[in-house]
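Please look through the structure shown below together with its sequence. The explanation that follows begins with one pair of charged side chains and then widens to the chain as a whole.

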Amino acid sequence: MVGEIMIEFARMSGLSPAGSSPQRYLWTDAFAVCNFLDLYRQTRNEHYKHLALLLVEQVHAVLGRHRTDDSRAGRISGLNEQEGAKHPTIGD
């Protein structure tokens, strides 16, 4: 049942299948990563591990940049796109 709930979460939040404007919220997503990893640990179903890693990547891509309604643009770290992609959590 938990697996079904998490698959639905992935669908509704734009994680899988990937949506054009995924909805990312740091604390919800952190909890979801833990859930996906525990589901993988319990079942050894690689799909859950894949979703956990995909979610981390998507969080970095979405929450690691300024919002579209912000006057600033680009990565919140101030790094250029290439360096920001390599080091998504580094700060100035």
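Glu83 and Lys86 are separated by about one helical turn, because they stand three residues apart in helix H4. The two residues form a salt bridge, in which the closest N and O atoms are 3.3 Å apart. Glu83 counts as partly exposed, since its relative accessibility is 29%, whereas Lys86, with a relative accessible area of 52%, is exposed. These values, like those that follow, are computed from a predicted model. Just beyond this pair, His87 lies in the segment after helix H4, which covers residues 81–86, and His87 is partly exposed at 39% relative accessibility. His87 and Gly19 are 68 residues apart in sequence, and their C-alpha atoms are 24 Å apart in space.

A similar spacing is found in helix H3, where Glu46 and Lys49 both lie, three residues apart and so about one turn of the helix from each other. Here too there is a salt bridge, with the closest N and O atoms of Glu46 and Lys49 at 3.5 Å. Glu46 is partly exposed at 44% relative accessibility, and Lys49 is likewise partly exposed, with a relative accessible area of 29%. In the model the count of salt bridges comes to nine.

Another of these salt bridges starts from a loop. Arg75 lies in the loop between H3 and H4, and it forms a salt bridge with Glu81 in which the closest N and O atoms are 3.6 Å apart. The two partners differ in their exposure class: Arg75 has a relative accessible area of 11% and is therefore buried, the limit being under 20%, while Glu81, at 41% relative accessibility, counts as partly exposed. What surrounds Arg75, when residues up to four places away in sequence are not counted? Arg75 touches His60, Gly64, Arg65 and His66 on the one hand, and Asn80, Glu81, Gly84 and Ala85 on the other. Two of the residues in that list, Arg65 and Glu81, are also linked with Arg75 in a network of salt bridges.

From this loop the description can turn to helix H2. The 18 residues of H2 should span 26 Å at 1.5 Å a residue, and the C-alpha atoms at its ends are indeed 26 Å apart, so the expected and the modelled span agree. Which residues of H2 are buried? They are Asp29, Ala32, Val33, Asn35, Phe36, Leu39 and Tyr40. When the helix is viewed down its axis, the buried residues of H2 fall within an arc of 165°, and they therefore line one face of the helix. That buried set packs against helix H1, which covers residues 2–12, and against H3. On the other side of H2, by contrast, Trp27, Phe31, Cys34, Arg41 and Gln42 are exposed. H2 is followed by Arg44, whose phi is positive, near 60°.

The surface also carries a nonpolar patch, which Leu26, Trp27, Val62 and Leu63 form with about 420 Å² of accessible area together. Helix H2 (26–43) and helix H3 (46–63) are the elements that give two or more residues to this patch. Trp27 thus appears twice in this account, as one of the exposed residues of H2 and as a member of the patch. Val62, whose place is in helix H3, is partly exposed, with a relative accessible area of 30%.

With these details in place, the chain can be described as a whole. Four helices and zero strands are present in the chain, and from the N terminus on its elements run α-α-α-α. The C-alpha trace spans about 45 × 25 × 20 Å along its principal axes. Of the 92 residues in the chain, 29% are buried. When contacts between residues at least 6 apart in sequence are considered, 41% of them join residues at least 24 apart. The chain exposes about 6500 Å², of which carbon and sulfur atoms supply 58%.

Definitions and conventions
Residues are numbered from 1 along each chain as its sequence is written. This is a predicted model: local features need pLDDT of at least 70, side-chain atom pairs count only at pLDDT 80 or more; totals for chains, interfaces and linings use all residues. Side-chain values use heavy atoms; hydrogens and water are left out. Patches are made of residues with over 30% relative accessible area and no salt bridge: like charges are joined within 9 Å, nonpolar side chains (Val, Leu, Ile, Met, Phe, Trp, Tyr) within 5 Å. Accessible areas come from the Shrake-Rupley method with a 1.4 Å probe; for residues, only the protein chains shown count as cover. A salt bridge is a side-chain nitrogen of Lys or Arg within 4 Å of a carboxyl oxygen of Asp or Glu. Buried means under 20% relative accessible area, exposed over 50%, partly exposed in between (1.4 Å probe, protein chains only). Contact means heavy atoms within 4.5 Å. The expected span of a helix is 1.5 Å times one less than its number of residues. The arc is that of the directions from the helix axis to the C-beta atoms.
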